[in-house]
Amino acid sequence: MIQPRNAMEQYDSVLKRLEKTAKQYTNIAPENGQFLSILIRAIRAQNVLEVGTSNGYSAIWIAAALKETGGRLITLEFDPARAAEAQAYLQEVGLDSIVEIRVGNALDEIPKCDATFDLVFLDAEKDEYRRYLELALPNIRPGGLIVADDTVTMRDEMPDYIEFVSNTPILHSVDIPLDDGIILSYKTEN
């Protein structure tokens with residue numbers, strides 16, 4: 001389903017406002033949002049897990065794509081104030097009904113997720129990426145995708161993650177030089 005033009009304009013308006021505070025909230029770049037949106041649409045994702053909500057900028061990109069596929073987003077945020085901001089922005093653009101914001105430590109929250117995920121987006125504590133993925137991996141479907149952000153600019157904070165996605169037989173991974181860097185991993189059937 002293609003989004004009505006007025007809905008896209010409403011998303012764009014809020015996204016543009018949030019882009020003015022991107023550094024303060026360490027939001028992804030617009031091209032990363034487009035990339036996530038394309039991936040979600042391409043695989044017709046139904047369930048997505050986001051680790052690191054911040055003020056909801058990336059959640060809007062993800063949820064807008066999931067609205068087209070009929071999917072849902074679970075997003076995890078440690079800071080209650082940022083989670084409340086994200087909730088307000090999601091309500092403003094009318095995407096709050098397909099997004100569940102869980103407040104707490106992702107290491108505690110990921111094991112509580114009982115959905116099978118088509119895509120997992122990692123954008124929280126870089127030195128915890130491997131632990132996040134290890135916890136989420138059993139719930140990622142074969143053929144599912146993992147997108148890790150900031151893998152060039154903050155690479156020195158995630159050597160164990162780089163090693164894990166590069167050497168785990170069920171993952172096929174590639175570095176993508178988009179903005180601050182992305183590692184895209186594909187979970188194989190085995």
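How many helices and strands are there in the protein chain? There are eight helices and seven strands, and the legends below walk through a few close-ups of this predicted model.

**Figure 1. The whole chain at a glance.** Before zooming in, here is some orientation. The protein chain has 190 residues, and 53% of them count as buried. Its accessible surface comes to about 8,700 Å²; carbon and sulfur atoms contribute 53% of that area. Looking at contacts with a separation of 6 or more, 74% are between residues 24 or more positions apart. Please keep in mind that everything shown here comes from a predicted model.

**Figure 2. Strand 7 and its two neighbours.** This view is centred on strand 7, which covers residues 182-187. Five of its six residues are buried, so strand 7 is largely enclosed by the rest of the structure. It pairs with strand 5 (residues 140-149) in the antiparallel sense, over five bridges. Strand 6 (residues 171-176) also pairs with strand 7 in the antiparallel sense, here over six bridges. A good residue to look for is I183: it is the bridge partner of A148, and it is the bridge partner of D175 as well. When following the side chains along a strand, it helps to recall that in a regular strand they alternate between the two faces of the sheet.

**Figure 3. The hairpin of strands 6 and 7.** Here we move to the turn. Strand 6 and strand 7 form a hairpin, with five residues between them. One residue in the turn deserves a second look: D179 has a positive phi of about 55 degrees. Elsewhere in the pairing, L171 stands opposite K187 of strand 7, while D175 has I183 as its bridge partner.

**Figure 4. A cluster of three tyrosines.** The structure holds two aromatic pairs. In one of them, Y129 and Y132 form a tilted pair, at 6.4 Å centre to centre and with 45 degrees between the planes. These two tyrosines are three residues apart in helix 7 (residues 129-136), so about one helical turn separates them. Both Y129 and Y132 are buried. Y129 also pairs with Y161: the ring centres are 5.5 Å apart and the planes lie at 80 degrees, so this pair is edge-to-face. That second pair links distant parts of the chain, with Y129 in helix 7 and Y161 in helix 8 (residues 159-167), 32 residues apart. How accessible are the two partners? Y129 is buried, with a relative accessible area of 0%, and Y161 counts as buried at 0% relative accessibility. Together, the ring pairs link Y129, Y132 and Y161 into a cluster.

**Figure 5. A salt bridge between strands 4 and 5.** The whole structure has 10 salt bridges, and this close-up shows one of them. R141 forms a salt bridge with D118, with the closest N and O atoms 2.5 Å apart. The partners come from distant parts of the chain: R141 sits in strand 5 and D118 in strand 4 (residues 117-122), 23 residues apart. Their surroundings are worth checking in turn. D118 is buried, with a relative accessible area of 9%, whereas R141 is partly exposed, at 23%.

**Figure 6. D175 reaches a loop.** D175 returns here, this time through its side chain. The side chains of D175 and R155 meet in a salt bridge, at 3.1 Å from N to O. D175 lies in strand 6 and R155 in the loop between strand 5 and helix 8, so the pair ties together parts that are 20 residues apart in sequence. D175 is partly exposed, with a relative accessible area of 42%, and R155 is partly exposed too, with 31%.

**Figure 7. Further charged pairs.** Side chains of opposite charge can pair when their charged atoms come close. One case to find in this view is E128 with R131, whose side chains meet in a salt bridge at 3.2 Å, N to O. R131 counts as partly exposed, at 45% relative accessibility. Which residues are linked in a network of salt bridges? They are D123, K126 and D150.

Methods. Residues numbered from 1 in each chain as written. Predicted model: local features only at pLDDT ≥ 70, side-chain atom pairs only at ≥ 80, totals over all residues. Heavy atoms only, no water. Buried < 20%, exposed > 50% of the residue type's maximum accessible area, 1.4 Å probe, protein only. Helix = DSSP H or I, 4+ residues; strand = E, 2+ residues; numbered from the N terminus. Pairing = 2+ DSSP bridges. Contact = heavy atoms within 4.5 Å. Areas by Shrake-Rupley, 256 points an atom, 1.4 Å probe, with all protein chains shown as cover. Phe/Tyr/Trp six-rings, centres within 6.5 Å; stacked < 30°, edge-to-face > 60°. Salt bridge = Lys/Arg side-chain N within 4 Å of Asp/Glu carboxyl O.
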